[in-house]
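The following note was prepared for a colleague who is about to examine the structure. The points are numbered for ease of reply.

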Amino acid sequence: MSKEFDVVVIGAGPGGYIAAIRAAQLGKTVACIEKWKNPAGALKLGGTCLNVGCIPSKALLASSEEFENASHHLADHGISVENVQVDISKMMSRKDGIVEKMTKGIEFLFRKNKITWLKGHGKFTGKTDAGVQIEVSGEGTDGASSEVVTAKNVIIATGSKARHLPGIPVDNKLIADNEGALSFDTAPKKLAVIGAGVIGLELGSVWRRLGADVTVLEALPEFLGAADQALSKEAAKQFKKQGLDIHVGVKVGEVKTSENGVTIAYTDKDGNAQTLEADRLIVSVGRVPNTDNLGLESIGLKANERGFIDVDDHCATAVPNVYAIGDVVRGPMLAHKAEDEGVMVAEVIDGQKPHIDYNCVPWVIYTEPEIAWVGKTEQQLKAEGREIKTGQFPFMANGRALGINKADGFVKMIADAKTDELLGVHIISANASDLIAEAVVAMEFKAASEDIGRICHPHPSLSEVMREAALAVDKRALNM
Ligand code: FAD
Ligand code: NAD
């Protein structure tokens, strides 16, 4: 007889593992199917985010920032450090150690919450009155090569993988996607990046700080088109100053590899043929959902034309008791969005009535300075015909920012012209990832800009710029 569970989650990334924990907290019997193997062949929980995404990239961003500070910025404090050296292999071991700690942490949480980890590939095989049947193959839990489990409810959380381009074969040595780019054994002298999105900017920054000349080729005519134009303009200025060479409006042509490098032919924005020589190439042109070999058709589901699973506002699919969350469904491919959907679906299965306001999902790009926003951009709001007012305040006028030598950037707040309700908050600065949380709270509570302007903020702190930007909406910033 097959094992039966109230909830079976396929995939243990931030969407799946959080859904499993929440369902277990609510008293359900839960299993989570996961097949991820690390380069040493060990099965791991945590998905893209913990193994080859958010966590390792932020570890390398932090290490490379320390190197850059020691090499270039400590002198501003009157501290001289000579002969600063970097040991890439030690930096990689530190990153791998953090990944190991975090993924082991999820194994602990699974044991604590009595969640069964079914090790292997999950694939639907059909549906009966008892529930949905899923075959787990590969490393079966009992040492068997495969087993079939029955689920009253299923949460598909299979995530995404890097999109590759035809004719540009990724070997994760000369040509890398996110996996290879997080594990280079040396800093390339010349690094080319295709795609000036989040990964291109974050990993491009890592390797630039570690010594590479980085050239980024972006197809779209605008840089960081999803961000408010004030932010993208400031970001372009800062990145140029740092030496990131970003070309927009390009069309990438043939890519040739040789023993020691890569040659990329492209047409620039003016239509001129160009060639770029590099030691290594990162391809970061977006990600595609994991819906292949899932047996969706056996339960009457299919992926849409872009490979995603269609769901409603509560992540329910067209098949009763089958839900899908995270990167495999519509919406931004962000770990915290996947987590929130995991919690929501577990609570829906429990009969509760949770809700996610997708307008309040924050975005963060962990460059230096960091870029973060929540809500709508000025351009979106104007296109919608909304009457708005805006306030902007620079970190240059903030004592704490000057003290920590991070005075670049600003906060921009956008509020409704009549009601003063906050509609969007856009930050480019040090620690923008932490500062944005205040704006998310404010927007979830439908606060007005005046509310933030009236709240006491600690002095001296970067958060005072949030208050000043809010006051600037009403043209009454105090320190400008
Ligand atoms: P995933 O994390 O992709 O997990 C899906 C899991 O399902 C995988 O472990 C996979 O092995 C498993 N799986 C798939 N199919 C099957 C199957 N049939 N059977 C069994 N198991 C299966 N987001 C942020 O919010 N902040 C960041 O700073 C950030 N940085 C990133 C940096 C990089 C380099 C990358 C690549 C991504 C980053 N992201 C970041 C995005 C974030 O990683 C994803 O949005 C997030 O991991 C999605 O979570 P998920 O649970 O939907 O899927
Ligand atoms: P992305 O969608 O952020 O950026 C891809 C970029 O590549 C786009 O600007 C696109 O116009 C460009 N592009 C596409 N095809 C191209 C081509 N043929 N030639 C040149 N440029 C081309 O994707 P990504 O950077 O690969 O990241 C994938 C996902 O991972 C993103 O959706 C993001 O949400 C997530 N992520 C998030 C974070 C974070 O939250 N800090 C960090 C890394 C990744």
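Which atom of ligand 1 is 3.3 Å from an N or O atom in the side chain of H336? The first point below answers this and sets the contact among its neighbours.

1. The model is predicted, and the remarks that follow should be read accordingly. The atom in question is an oxygen atom of ligand 1, 3.3 Å from an N or O atom in the H336 side chain. The residue that precedes H336 takes part through its surroundings as well: A335 is among the residues that come nearest to ligand 1, together with E34, T48, K58 and G122, out of 38 around this ligand.

2. Two further polar contacts of ligand 1 deserve inspection. A polar side-chain atom of E34 lies 2.6 Å from an oxygen atom of the ligand. At L334 the partner belongs to the backbone: an N or O atom there is 3.2 Å from an oxygen atom of ligand 1.

3. The chain is divided into three parts: domain 1 comprises 3-161 and 288-356, domain 2 comprises 175-285, and domain 3 comprises 361-473. Domain 1 is therefore written as two segments, because the assignment, which is automatic or from a database, lists both under that domain.

4. The C-alpha centres of domain 1 and domain 3 are 31 Å apart. Eleven residues on the side of domain 1 are in contact with eight residues of domain 3. Between them the two domains bury about 770 Å², with 63% of this area on carbon and sulfur atoms. Within domain 1, the residues that lose the most area to domain 3 are E65, L334 and H336, which together account for 37% of what that side buries. L334 and H336 thus appear in two settings, since each also has a polar contact with ligand 1, L334 through its backbone and H336 through its side chain.

5. The rule finds one salt bridge across the interface of domain 1 and domain 3. The side chains of K406 and E65 meet in a salt bridge with an N to O distance of 2.8 Å. Three residue pairs in polar contact are also found across this interface. On the side of domain 1, the elements that give two or more residues are helix 3 (54-73) and helix 8 (335-349), and helix 3 supplies the largest share, five residues. By class, this side has three nonpolar, four polar and four charged residues.

6. Ligand 2 has 22 residues around it, of which I199, E218, G286, M333 and V364 come nearest. An oxygen atom of ligand 2 is 2.6 Å from an N or O atom in the side chain of E218. The side chain of E202 has an N or O atom 2.9 Å from a nitrogen atom of the ligand. V198 contributes through its backbone, where an N or O atom lies 3.2 Å from an oxygen atom of ligand 2.

7. Some backbone features should be checked. Most residues other than glycine have a negative phi, and most peptide bonds are trans. The bond from E368 to P369 is cis, with omega near -5 degrees; P369 lies in the loop between strand 18 (363-365) and strand 19 (370-375). The bond from H459 to P460 is likewise cis, with omega near -5 degrees, and P460 is found in the loop between helix 12 (449-454) and helix 13 (464-473). N321 has a positive phi, near 70 degrees, in the loop between strand 16 (287-289) and strand 17 (322-324).

Definitions and conventions
Residues are numbered from 1 along each chain as its sequence is written. Chains are lettered from A and ligands numbered from 1 in the order in which they are written. This is a predicted model: local features need pLDDT of at least 70, side-chain atom pairs count only at pLDDT 80 or more; totals for chains, interfaces and linings use all residues. Side-chain values use heavy atoms; hydrogens and water are left out. Contact means heavy atoms within 4.5 Å. Buried area is the accessible area (1.4 Å probe) that two parts lose on being put together, summed over both. A salt bridge is a side-chain nitrogen of Lys or Arg within 4 Å of a carboxyl oxygen of Asp or Glu. A polar contact is a pair of N or O atoms within 3.5 Å; within protein, one must be able to donate a hydrogen and the other to accept it, and residues adjacent in sequence count only if both atoms are side-chain atoms. Helices (H or I, at least four residues) and strands (E, at least two) are DSSP runs, numbered from the N terminus. Ala, Val, Leu, Ile, Met, Phe, Trp, Tyr, Cys and Pro count as nonpolar, Asp, Glu, Lys and Arg as charged, and the others, Gly among them, as polar. A residue is near a molecule or strand if one of its heavy atoms lies within 4 Å of it.
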